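Hi there,

Here is the structure I promised to pass on, with my notes below it. Have a look at it first, then read on.

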Amino acid sequence: MLNIDDIFQEKQNDVACQVEGKWYRVQWTPDLSAGERLNLGIAFLPQYGEPYIQTIDDFGRLRCLYDGKAEYHASLACRVAEIMIETEPNPENWRSPQLSIVEGGFAQGQSAEEIVERMMVDLVPLAAPRFHRSTRHSPITKKRAYKKINEQLSFRLGKEFRQHVPEDPKVKTALGIDLFLPFRRERRGHEAATIVSADFTTPEKIQGELYIGQRDVSMATTEKVFQNGAIFILRPGGNMKKKDLKVAEEQVNDFSVYLKSLRVHHYLGKDTDELTDAIKEWCLEGAA
């Protein structure tokens, strides 16, 4: 029987989701006596959800304006701004002697990341590299991947979102260790899942990230916090050099074989959209 509500629901899911909120300039004053402010990044505070911030990662243009020490101080300012905005929910407390977080106004877009990246191009000239960026790889970290997937799942899961994605993604064990397990489901008992990013150029970094993910799932099941666990892995990609990509893929494939030997459910995704689809299916599997 044709259900008109199902048709409307499918249409809503096909429409790109809109995120609304306020955006802010992240400004740095290198010399308090001179009072000059430089835009180092953009922050976005959505109506619902956590703030998102992006700062410059190429300091080539800054080195042209100041001496070599400026890069160190600017990178430190970027890090302070990121920690301040990500840990303090009240924008009125975003203050620091040489940092100014200035409200810019209303903004909306498909995601917080898309809004910020668009504004970085228009409002942060220092973000433009002096040299061609195609040779540089900017990794998608676990934190970035989680934020993007979290935003997409909030729309795709609808009313069931908080049932599968709790506000606090961490679980503390009896030993006092924080496990990153942001996704849940009730299928054959209480189950949890984590995400891991392998989008790095160094084998050691990839191995570390993969084993932390496996550790979180293993400890959760060993200590009976959850009955079963799953791992969703973001494959390496982006602008990696061919030799780096080959090594990274080998690391991921070897780890996949290892997980299969342990009978740990896992999924490899080429990007966050593919992982979002897989996580949504995992959350809803067996729910009907």
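**A residue in β2, then the pockets**

Let me start with L40, which sits in strand β2, made up of residues 38-46. Please keep in mind that this is a predicted model.

Is L40 buried or exposed? L40 counts as buried because its relative accessibility is 0%, and the cut-off for buried is under 20%. Leaving aside residues up to four places away in sequence, L40 touches V26, W28, Q54, T55, I56, A74, A77, C78, M120, V124 and L126. One of these partners, A74, is 34 residues from L40 along the chain, and the C-alpha atoms of the two are separated by 8.0 Å.

Another of the residues that L40 touches is C78, so a word on cysteines may be useful to you at the bench. C78 has 4% relative accessibility and therefore counts as buried. C283 is buried as well, with a relative accessible area of 2%. As for disulfides, a search of the whole structure finds 0.

Now for the pockets. The largest pocket has a volume of about 1,200 Å³. It is lined by 41 residues, and those closest to its centre are Q54, D57, S138, P139 and R144. You have met Q54 already, as one of the residues touched by L40.

Which elements each supply at least two residues of that lining? They are β3 (52-55), α3 (69-87), α4 (112-123) and α5 (142-156). The most comes from α3, which gives 6 residues. Sorted by class, the lining of the largest pocket holds 16 charged, 15 nonpolar and 10 polar residues.

The second largest pocket has a volume of about 570 Å³. Of the 21 residues in its lining, Y48, G49, E50, N150 and E151 are the closest to the centre. Two or more residues of this lining come from each of β1 (19-28), α5 and α6 (161-164). Here α5 gives the most, with 6 residues. By class, the lining of the second largest pocket has 10 nonpolar, 6 charged and 5 polar residues.

If you want one element to follow while you turn the model, try α5: it supplies at least two residues to the lining of the largest pocket, and it gives the most to the lining of the second largest pocket.

Happy browsing, and all the best!

How values were computed: Residues numbered from 1 in each chain as written. Predicted model: local features only at pLDDT ≥ 70, side-chain atom pairs only at ≥ 80, totals over all residues. Heavy atoms only, no water. 1 Å grid on protein atoms, 1.4 Å probe; cavity = no way out; pocket = protein on both sides within 12 Å on 5 of 7 lines; lining within 4 Å. Points joined across faces, edges and corners; volume = space filled by probe spheres on them. Helix = DSSP H or I, 4+ residues; strand = E, 2+ residues; numbered from the N terminus. Nonpolar A, V, L, I, M, F, W, Y, C, P; charged D, E, K, R; others polar. Disulfide = S-S within 2.5 Å. Buried < 20%, exposed > 50% of the residue type's maximum accessible area, 1.4 Å probe, protein only. Contact = heavy atoms within 4.5 Å.
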